[in-house]
Amino acid sequence: MTRALVVLLALMAAGACREQKAPPRPKVSVTVAAAERGPAPYVVTANGIVEAMQSVAIQSQVQGVLMAVHFKEGDEVKAGAVLFEIDPRPFRAALDQARAVLARDLAQAENARRDADRYAALVQKDFVTRSQADQAAANALAQLAIVKADSAAVANAQFNLDNATIRAPISGKTGNLFVRQGNLVRPGAVPPLVVINQIHPILARFAVPEKELARVQQYSREHALRAVATTAQGGAGAAGTLSFIDNGVDSTTGTVTLKARFDNADNALWPGQFVSVALELFVEPDAVMVPTAAVQPAQDGGQFVFVIGKDGKAQVAPIIATRTVGDRTVVEKGVDAGARVVTDGQSRLTPGATVDVRTSVAGGAKAP
């Protein structure tokens, strides 16, 4: 074999080796974030509706002409404030008449009492018969009964006169004024004169699944449960406390009704408004949490995350997740605080793949 042939064969063998060598796998671009340890509240969320603490439909208890209205629609009024005045003249006249009748009957009752006393003394001396004495005593008792009836009539007339001035039974915000000055009002009329809603404080009514009832009862006995109501406009939400647990479970929906109380000093909540209520039962002080975006479903029904090791390669880490807290998931087992988990790009990953960290979720800085 010539030297030239040997060189040719060597070159061909080297070329074949180069053709059989696989090209390096490209790096997968991913986004990562660190698992963190911190307080994790246990929160039950539900949709609810805002209710007035109290709602009173103001009705007249007497019939008469409405003479004056002492507020404007939508005003906030204090308990005891004068709202309406009905013409008091008929009721004042009726009171004066009832007092006059009472005074007359008092005089007659006093005279009947003196007659009964005289007849009682005379019957002892046989100057009058027993029957006459008994008649005088019965007349005195009858006059006394008339006086009591007159006193009741005076009280009723005074009641009617007092109710000619209608006062606010509670503090709250007035709604539409249904009857204007000059109209005739009467008891039991529909609609009422006005409706007052107490909105300081105010309530939010919501329902939670029956499975949460035991926890709600347990932790409400230990401390006041914090509730946050958020409107459709978002924002920080109004903070309050749980004030009511219904005494039965709705068998149709499998839920139990709760109510939370809010000071509502800024009028952020309004009766009839729909809100999202978050009820905090307890806080786990030192829980491991990962971004919820990092948690992936496994084929066996469990969950896992991709963890980036020190060598820059992705590994599958099965986890046991308990609940979500905002945009994070509490992990009971599977990863430790500080582990880097993939939050975006998982669909292109395989175990052992080398990654190119694109951006850090927490800091937003470019990865080195």
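## Strand pairing in the sheet

Two strands count as paired here if DSSP finds at least two bridges between them. With that in hand, let's look at this predicted model, beginning with strand E3, which covers residues 64-69. E3 and E8 run antiparallel and are joined by 2 bridges. At Gly64, the residue standing opposite is Val185 in E8.

This pair belongs to an open sheet of 4 strands, ordered E6-E5-E3-E8 and paired in antiparallel fashion. Strand E6 (165-167) and strand E8 (184-185) stand at the edges; each has a single partner strand, so one side of each is left without a neighbour in the sheet. As a general reminder, strands of a sheet pair through backbone hydrogen bonds, either parallel or antiparallel.

## The two sides of helix H4

Next, a look at helix H4, which spans residues 213-222. Leu213, Val216 and Tyr219 are its buried residues to note. They cover an arc of only 145° around the axis, which means that they lie on the same side of H4. In an α-helix there are 3.6 residues a turn, so residues three or four places apart point the same way.

On the other side of H4 you will find Ala214, Arg221 and Glu222, which are exposed. The cover over the buried residues of H4 includes four strands: E9 (194-209), E11 (234-250), E12 (255-262) and E13 (274-291).

## Val325 and its contacts

Our last stop is Val325, in strand E16 (residues 314-325). Val325 and Tyr42 are 283 residues apart in sequence, yet their C-alpha atoms are 7.5 Å apart in space. Setting aside neighbours within four places in sequence, Val325 is in contact with Ala40, Pro41 and Val330.

Technical notes. Residues numbered from 1 in each chain as written. Predicted model: local features only at pLDDT ≥ 70, side-chain atom pairs only at ≥ 80, totals over all residues. Heavy atoms only, no water. Buried < 20%, exposed > 50% of the residue type's maximum accessible area, 1.4 Å probe, protein only. Arc of directions from axis to C-beta. Contact = heavy atoms within 4.5 Å.
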